[in-house]
Amino acid sequence: MPRRLLAALLPVLVSLTAPASPPAPVPDKVVVLTFDDASASHHAIARPLLQRLGFGATFFITEGFTFRTNKRDYLTWEQIAELHRDGFEIGNHTRDHLGITEKNVPRLAEQLEAIATRCREHGIPAPVSFAWPGNKFHASALPVLEAAGIRFARRGGEPEVPYAKGGGIPYEPGVDHPLLIPTTADARPVWTLDHVKAAVAQARDGRIAVLQFHGVPDGEHPWVNTPRERFEEYMLWLKETGCTVIALRDIARFTAGRPAPADPMSAINHRLQAAAAVEVQRAAPGSAPRASSKAGASASK
Ligand SMILES: [Zn+2]
């Protein structure tokens, strides 16, 4: 019998001694689709289209702005629960749409819990994804997010790309801290399909394009409005192009087994230094110092 016992135990022993399985390689054309601010259009317009196309997405919920009284422009909690039951991810965007600064970090835990409580009341699990309201972030808030069970947090394209440009950078699993995931492009009224194409073109070589939408359309936040026709055009193009469109939580398959960077700001600082070095070279070609040329080389990867 010992041999039979050994045979039975062998798979257990192997699994105990084998290293953790490596993260899945990131294929090209992976797009994380995110929607901010609980716009009523997320249920009325985005929901049926995304269901038809088989897309995943994350809807970041806040009770800020006029959410409580204006049900023409904002989702109801019943609609949010329906989005969850459809298989979409419900993310946390703080109760009051609190733009995080170093000074107000002590208020963040309560802001997160308020949305998590609402979720539980409506049969939705407490969110594991978060979007920094107003795309403002501060590294001192990361322990608060972790304590609240947040695994992934999306910021904007800043500081690498100024907000006015509406662009950003692709997310690099294992390089970017999972609580400081950059937006690759956030939709503006002036967008055309070319903006979407430019963002998705960066979803290659282990990088992921993270798209940020507000209302589709958004009468309450006209500066980030996406007309319905444009939105439908963008989504159909993603489908035709063969993109894998997922919720933010779904990146877990690409981060599993990867330790978060010890310095959360390391990826951001490296990109800023590389960009500054490129500027130095541009201003004085041929006279680049050693450190600049090294940083510039890594920036052009
Ligand atoms: Zn927001």
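**Figure 1.** Helix α2 passes helix α7 in a right-handed crossing. The model shown in this and the following views is a predicted one. Helix α2 comprises residues 41-53 and helix α7 comprises residues 228-240; the two pack at an angle of about 15°, and their axes are 11 Å apart. Angles under 35 degrees count as roughly parallel, and α2 and α7 are therefore roughly parallel to each other. On the side of α2, the contact is made by I45, L49 and L53. On the side of α7, R228, F231, E232, M235 and K239 take part. Sorted by character, the residues of this contact comprise five nonpolar and three charged ones, with no polar residue.

**Figure 2.** Strand β7 is covered on both of its faces. One side of β7 carries A209, L211 and F213, the other side carries V210 and Q212, and all of these residues are buried. Because five of its five residues are buried, β7 is largely enclosed by the rest of the structure. For the setting of this strand, the protein as a whole has ten helices and eight strands. Of its 301 residues, 38% count as buried. Contacts in the protein between residues at least 6 apart in sequence include many between distant positions: 71% of them join residues at least 24 apart.

**Figure 3.** Strand β7 pairs with β1 and with β6 in the parallel sense. The pairing of β1 with β7 runs over five bridges. Within it, V32 stands opposite V210 of β7. The pairing of β6 with β7 runs over two bridges. Here L211 of β7 is the bridge partner of A185.

**Figure 4.** Strand β1 also pairs with β2 in the parallel sense. This pairing of β1 and β2 extends over three bridges. T34 is placed opposite T58 of β2. Which residues of β2 point one way, and which the other? T58 and F60 point one way from the strand, whereas F59 and I61 point the other way, and all four residues named here are buried.

**Figure 5.** F213 of strand β7 is set among residues that are distant in sequence. F213 has 26 other C-beta atoms within 10 Å, and 20 or more are required for a residue to be buried; F213 is therefore buried. Leaving aside residues up to four places away in sequence, F213 touches T34, F35, A187 and T226. F35 is one of these contacts; F213 and F35 are 178 residues apart in sequence, yet their C-alpha atoms are 4.7 Å apart in space.

**Figure 6.** A38 and F65 each have a positive phi without being glycine. Most residues other than glycine have a negative phi. The phi of A38 is about 60°. A38 is placed in the loop between β1, which spans residues 30-36, and α2. Is A38 buried or exposed? A38 counts as buried because it has 27 C-beta neighbours inside 10 Å. The phi of F65 is near 55°. F65 belongs to the loop between β2 (58-61) and α3 (77-85). With 17 C-beta neighbours inside 10 Å, F65 therefore counts as partly exposed.

**Figure 7.** Cis peptide bonds precede P159 and P217. Most peptide bonds are trans. The cis bond between E158 and P159 has an omega of about 5°. P159 is in the loop between β5 (152-154) and β6 (185-186). The cis bond between V216 and P217 has an omega of about 15°. P217 is in the loop between β7 (209-213) and α7.

**Figure 8.** R204 is located in the loop between α6 (193-200) and β7. R204 has 15 C-beta neighbours inside 10 Å and therefore counts as partly exposed. R204 and E172 are 32 residues apart in sequence. In space, the C-alpha atoms of R204 and E172 are 9.9 Å apart.

Definitions and conventions:
Residues numbered from 1 in each chain as written. Predicted model: local features only at pLDDT ≥ 70, side-chain atom pairs only at ≥ 80, totals over all residues. Axes fitted to C-alpha atoms, helices over the stretch in contact; angles between N-to-C directions. Parallel < 35°, antiparallel > 145°, perpendicular 65-115°, else oblique. Left-handed = near helix turned anticlockwise from the far one by under 90°. Contact = placed C-beta atoms within 7 Å. Nonpolar A, V, L, I, M, F, W, Y, C, P; charged D, E, K, R; others polar. Buried ≥ 20, exposed ≤ 12 C-beta atoms within 10 Å, placed from the backbone. Pairing = 2+ DSSP bridges.
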